[in-house]
Structures are given as C-alpha cells and as structure tokens.
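Please look at the structure shown here. The paragraphs after it explain a few of its parts in turn.

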Amino acid sequence: MLFSPALTKLVESLRRLPGIGPKTALRLTFFILSMRSGEVEEMAKALVEARQKVKQCSRCRNLTEEELCPICQDSRRDSALLCIVQEPRDILVIEKTGQFRGLYFVLHGALSPVEGLGPDELKIPLLLQRLKEGVIEEVIVATNPNVEGDATAYYLAGLLKPLGIRVTRIGFGLPVGGDLEYADELTMARALEARREITS
Amino acid sequence: MFIKELHLLNFRNYEREELQFEPGICVIRGDNGQGKSNLLEAIYCLCFARSFRNYKENDLVRWDTPYYYLRGTIFLQQRFYKLEVGYEAQKKRKVIKIDGKVVKRAGLEGRCPLVCFVPEDLELIRRGPEERRRFLDREISQLYPLYGDWLSRYNRVVYQKNRALKENWHSAHSGEFLKVWNKQLIYFGSRIIKQRAHAVAAWGKLAARNYSLLFNKGPRLQIKYVTFLNKDLLAAQPEEIEAAFKARLAAAAAEELQRGFSLVGPHRDDLSFLLDEREARRYASHGQQRSAVIALKAAQLQHYNQQKEKPVFILDDVFSELDAQRRQECFNLFKDAGQVFLTMTKKEAGFATFRQQFAVPSVFHVQRGRARREE
Ligand SMILES: Nc1ncnc2c1ncn2[C@@H]1O[C@H](COP(=O)(O)OP(=O)(O)OP(=O)(O)O)[C@@H](O)[C@H]1O
Ligand SMILES: [Mg+2]
Ligand SMILES: [Zn+2]
C-alpha cells in the first residue's frame, strides 16, 4: 500500500458506506485529513453518539432517542390512520408533503426470502398487536413498488382485512406529472392496469 | 425504420467514431477481431440500451475507460428521433435520452422494429429450451413495451418463491406467505403467456408460408408455443388465463412444497418446431432445421411490416455459416427490411456475387476499431 496504515484504515471504513467507491473514499479521507483536529473529533463523537443513543421507537420502529418518537408522542395526529413504510427515510419523504396527519409503522425492509426477511424479521407481530388495540381504522401500505414491496402489501392486506381494517396502497418512485412522451409510458401503462387496489 | 447516424465513444474497441448510414443494405467488412460485431452491437444498444449478446454491461465499456456513450439518429414512424445511451462503469449508472429528455425505460424497447439474426439463432431448434425461451423473450420484449418489465418482475418472483419453498418458509407462516408470491406469479405470468402465445401464433403463420415457398412439395412447417395451460390462449381473456394458472398452481402446491421449487409457470415454456407434424428437433436434417429458423426470421420481418413499419435487420456472421442455398434464402429476406446491416470477413468469397446481386449501396471497412466507408 502506498499510504500509511492509519490512512488506509480510514479509506477502508469509509468504503463500507453505501454509494462510496474507492475514489470517493480516498477523496473524503484527504478532506478529513485537511480538517482541523477539533472538527474531526466532533465528527467522530457525533458518529459514536448517534450510534449509541438512536434506537427504534417502541411503537412504530422509527428512529428516536426516546422510548417513543416525536410523531408517536404528538397527540394532535390522527391515531385512526396508520401508514406502513419500509424505511425511516420514507417517513421524511411523506412528512415533507405535509399531506399525511396519521401515524407510522416502519418495517425496516420488505418480505424477501432471498434476504432472509420474513414476517417476524419485519416485526409484523408487533404491528398486529398494535392494530388489535382497535384504534386504527385505516392502514395505508407505502412499501416500494417492486416485487417485494407488493408481496408485503398483499401479505398485510390478507392479515388486516379480517380485522375489519381498511387497507389501501400507495407507491413511491412513480414519476408524477411529466409530459415526456416516452418516459412515463411504462408507469402510465402500469397505473392504468390498476393493480394498486389490494386484495389478498 | 432506419438508422441515420451513429456516434460511438469508448464503446468496446471503438474509441471515437462517427458514422452516417442510409436505408438499404450496409455491409460491414473486415478481418476477424476488428470490431464488426461490436458495431452491430452498438446499433442494437442505441435502440434498446442493452446488448444483443449476453454480456455484462461493463464489458461494453472500452477497456481502461470509465464510460461509454452512444448517440444516434433514427427514422421511425415518419420522424427522426435523437437517441443517447451513456453508461458509467464504476457507478453502474445508465442514462438513456430520447430527443434530449431522460427516460426511465430501456430505450425504445417495444416500439423499435428491429430484428437481429446471429449464428446461435441458426441452432435454435437443436439447443435447449432455456435458449429458446431466451430467444422468445428477447424478440417479444422488442415487440411489446411492457413485456420486459413483466419478465424481470416475474423472474424475481420465481427467485423469491423458490427460496421460500427451499427453505421451508411456509411452515412458519402458513400458506399466506406463499400466496403473496403466487399472486404475482399469476399476474405477471399470465401476461407473459398471453404475449408469447400471440407472438408465436403470428410468426408461426407467416413462417409456415415462407417455408412452403422455399420448398414447394416439401414438408409443412408449424411453430408452436408450448406451455402448461391447455387452453385456446389467443381467444382467452386475461382473467381466464389467470384462473387457469391459479388452478394449476393449486393442484401442484403439495408437490412444489415437497420438491422445494417452483414447478408451474411460463419459466418452463418452450417453442416447438414441427415438420409434417413431427418434432424437427428429433427428425429434421440440420439443413431443414436452419431453413426453418430462416423462415421464422422472415416471419418476424413480415410481422413488423404488417404493422406498417419496415424493420432494421441486423445479421452478424450468419452468412459464413450457411451453404449457398440457405444463403440465397437469407438474401430473399432483405426485401422485407428497411435497412440491413450485415458483417462479412475480408476472406469471404461470397462478397463479389453478393455485390453483383444487390448493388450494395454502402460498404464499411472495419479495422482496429475504426470504420471507413469504401467507395
Ligand atoms: N470492452 C472492450 N474494450 C476494448 N476492446 C474490446 C472490448 N471488448 C472487445 N474488445 C475487442 O474487440 C474485438 C472483437 O471485436 P468484434 O467482436 O467486433 O470482432 P469482429 O470484427 O466481429 O470479428 P469476427 O470476424 O471474428 O466476428 C476483440 O479483439 C476484443 O479485443
Ligand atoms: Mg463478429
Ligand atoms: Zn414512533
């Protein structure tokens, strides 16, 4: 190796991050080395602290430092409406729209035998327990619009409909508007096929 | 349709090349290993944003360069389209543009009439069912815009379902767990089946006629789509196919659980060639088998013509594989295409006669990743 062991170690750690290739890792490393040492210490502390303090909300599995996340604590939110998402970042996307006033449940994935993710790994029993409290009337399944996301939506619909809960489906990643003659054709065609109402 | 312009940047062994084409026949000549097939591959890739050979995307990028970029103009449905395909090897990121606008889908897949003919196709009848399925999928995804999307989702479902069956996921989660995969298997699978049935029926009819024109008094060619549903698939409504599929899955459920993989679905389909009602795979001569494939290729070209657009026809190395008779059969196909690209090596004896017969309008000479027009 051309570089010192400490430097190489840093490059290797950064490379573990998603979307960071060897070149970017090296660039970040050089940048970090050019920072003031106080700044670097702060950054390192932030990493460790976040990892130690942030955990899953015991109700919705969103990321939080407390027992309950701010959304679950907010009594003004509509507790009859629940949105199920795959990842905590999906909550940010939905919250940005300002259109949704209900609560959430985060699966941290979608059903995928190939990745070893089944109902237990997604903590679906925890979700069921919550639904059985009887407050929630409608569930919106906002898993990704792919095979695994759809499988999860069907699975949830099969589980929840017998409980008398209304289940609907929305998808992310669908371009909206857009006048591109070609770009949206596939999306449009799929949307027109109207397979977004879920039956189990 | 025809290709008017093609610019290549770091594509295979082409560093930078700009070419102009006309409708009609275009011969790509050159010695082995100079870049003839690569040029055809670039034309295909411009239209469909992937290779017609089964290669990985990164293989298309010129060695030691970070990306490839193709730009071209094609004439389609009475107007010109500017197409661009760029691919960055390290990020595995592909950008496709049509008339300068980024599109999400695979280029013009499903709306670009293009038929390609490669030496492996000649052995279609002799090869295994998975090769014939790959042939079907490649050709049909070029025909219907949604087919490629259905197929990739379908394959993903089969992959997930097989894992679920193999690892006994159902035992922990009751039948509900398999149901969510089967539901999608039925949804995408039925659409694939219907599209395959339609395409093969259309091609089969035309191919039968082509074959009988080639050999009057010869055996009768039939091309049949073989799937697990005993239904008139052409007449059936999508819901009927779904219902039949569902019933077959239910009947096979116990066996699937026991054997640990997915037993029912179009991932096990095949294409059957019959000569006078007998399996060509088992009884026909090698020459008859190849003529049957040529008749099928002709049918594909004619099928596009029925949809009122003369297709582009790409032939890579096919001629060197054929005897004089079948070469002539192939030449006859050219009248059904709007533009033909074919490769020939320098040594090829047929070129002189070919030139006489067709008064070939353009010939490109390829050498070490450069293409020069021969006057
Ligand atoms: N990614 C790449 N980068 C650079 N060169 C490549 C790349 N991929 C293939 N090549 C080169 O391209 C050449 C093959 O080109 P091509 O397949 O077009 O040959 P050809 O002219 O069709 O030959 P033949 O007559 O044997 O079919 C090979 O010599 C190979 O070294
Ligand atoms: Mg070649
Ligand atoms: Zn919460």
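What follows treats one residue, then a pair of helices, then a ligand.

This is a predicted model, in which local features need pLDDT of at least 70, side-chain atom pairs count only at pLDDT 80 or more, and totals for chains, interfaces and linings use all residues. Residues are numbered from 1 along each chain as its sequence is written, while chains are lettered from A and ligands numbered from 1 in the order in which they are written.

Start with B:Phe2, which is found in strand S1 (residues 2–11) of chain B; a strand is a DSSP run of E with at least two residues, a helix one of H or I with at least four, both numbered from the N terminus. B:Phe2 is partly exposed because 19 other C-beta atoms lie within 10 Å; 20 or more would make a residue buried, and 12 or fewer exposed, with C-beta atoms placed from the backbone. From B:Phe2 to B:Phe21 is 19 residues in sequence and 8.4 Å in space, C-alpha to C-alpha.

Next come the two helices. Helix H4 (residues 147–166) of chain B packs against helix H6 (residues 176–214) of chain B at an angle of about 145°, with the axes 9 Å apart. Here axes are lines fitted to C-alpha atoms over the stretch in contact, and angles run from 0 to 180 degrees between N-to-C directions.

Last is ligand 1, with 16 residues around it, of which B:Asn13, B:Asn32, B:Lys36, B:Ser37 and B:Asn38 come nearest; a residue is near if its C-beta atom, placed from the backbone, lies within 6 Å. The shell around ligand 1 divides into two nonpolar, nine polar and five charged residues. Nonpolar means Ala, Val, Leu, Ile, Met, Phe, Trp, Tyr, Cys and Pro, charged means Asp, Glu, Lys and Arg, and the others, Gly among them, count as polar.
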